[in-house]
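Dear colleague,

I am passing on a structure for you to look through, and below it I have written out what was found. Please keep it open beside you as you read.

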Amino acid sequence: MNIILIGPNGSGKGTQGSIIIKKLKLNHIETGAILRKQITDSTVLGMKASQYINKGELVPDEIIIPMVLEALKESKKQGWLLDGFPRSLLQAKKLEIALYNSGMKIDYVIEIQLDRYIAKLRIQGRRICAVNNHHPNHLAYDAIKPIKKENQLYCRVCEGSLIIRADDYNEAGIDKRLDIYYEKEKGTMAAVKYYKDKNNIKLISIDGSLSIREVSKKILNQLQYNT
Ligand code: AMP
C-alpha cells in the first residue's frame, strides 16, 4: 500500500505517520527529515537545502524531486507512506508522472485538517528527540509532554535530550511555511484539491484538532485497519 500524508506543519503528521507505518509495516519517507539529515551530515545537498529551509521556503524541485523518487523506488516492494511531498500543485503533477513511469500508484491520500492559528501554536511548542525523531514531544499536550528532571526537559519515550528544530526558531519562517500550505491556487491546498478531484485515489480527510489517539483511530478505521 502507498500513502501520501498531507497536513500543515504542526498538524501531527510526524506522530500519525509513525503510528500508521508501524501498523501497516510501510516505509516512512519524510522529506523534511531526509533534508535535515543531509544538513547534519554537511553534504552538498544539505548545504544547498539549508538556505531555503531556514527561511521557511521550499527547496527547489530540482533538488527535492530526484531525492524523493529515489526513496520511493527503494521502498517500492514494501510500500510507503510519504510525508512532506507534494507541497505544491506542480509537485503533485510531477509525482503522478514519475510514479506512473516507475510502475507505482497512490492508494490513499490522508489530509490532516487544522486551523492555521492552532497549527502555529503547535509548531512553537514541539520538541524533537535528538535520539529518535519518531518520539514526539510537545509542551502543550499531556499525552506527549516531555519529562522534567532537575529543571531540564527530556524525551518522554527514551529520556534523550530534546531540541527545537532550527526552522522553528524563526517566526517569519513559520508564517511562510503556513502561507505555502494554505495557498489554494498553486500551494499545498491546491495539491489536496487535485487529489480530491481524482476518482482513482481515496482521499481521507481527518480533523487534526482531535487527540492523537482519536486521529489515529479515525485514520486506521478508514484504511480498514482494525485498531
Ligand atoms: P518539514 O519537516 O516537512 O516541515 O520540512 C522542512 C523543510 O524542508 C520545509 O520547510 C522545506 O524547506 C523543505 N521541504 C520539505 N519537503 C519539501 C518539498 N516537498 N518541497 C520543497 N521543500 C521541502
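To begin with the largest cavity, helix 4 (61-74) and helix 5 (89-101) each supply at least two residues of its lining. Please bear in mind throughout that this is a predicted model. The residues that line this cavity are Ile65, Val68, Leu69, Phe85, Lys94, Leu95 and Ala98, and by class they divide into six nonpolar, no polar and one charged. The space inside the largest cavity comes to about 30 Å³, and the count of cavities of 30 Å³ or more is one.

The second thing to look at is the ligand, which has 17 residues around it, and of these Thr31, Arg36, Glu57, Gly84 and Arg87 come nearest. Sorted by class, this shell holds six nonpolar, five polar and six charged residues, and its largest share, four residues, is contributed by helix 2 (residues 31-40).

Which atoms of Glu57, Gly84 and Gln91 should you look for beside the ligand? In Glu57 a polar backbone atom is 2.6 Å from an oxygen atom of the ligand, while in Gly84 a backbone N or O atom lies 2.8 Å from a ligand nitrogen atom. For Gln91, by contrast, the atom belongs to the side chain, where a polar atom lies 2.9 Å from a nitrogen atom of the ligand. Taken alone, the ligand exposes 480 Å², and the protein buries 97% of that area.

With best wishes

Key
Residues numbered from 1 in each chain as written. Predicted model: local features only at pLDDT ≥ 70, side-chain atom pairs only at ≥ 80, totals over all residues. Heavy atoms only, no water. Near = heavy atom within 4 Å. Polar contact = N/O pair within 3.5 Å; in protein donor to acceptor, adjacent residues only side chain to side chain. Areas by Shrake-Rupley, 256 points an atom, 1.4 Å probe, with all protein chains shown as cover. Nonpolar A, V, L, I, M, F, W, Y, C, P; charged D, E, K, R; others polar. 1 Å grid on protein atoms, 1.4 Å probe; cavity = no way out; pocket = protein on both sides within 12 Å on 5 of 7 lines; lining within 4 Å. Points joined across faces, edges and corners; volume = space filled by probe spheres on them.
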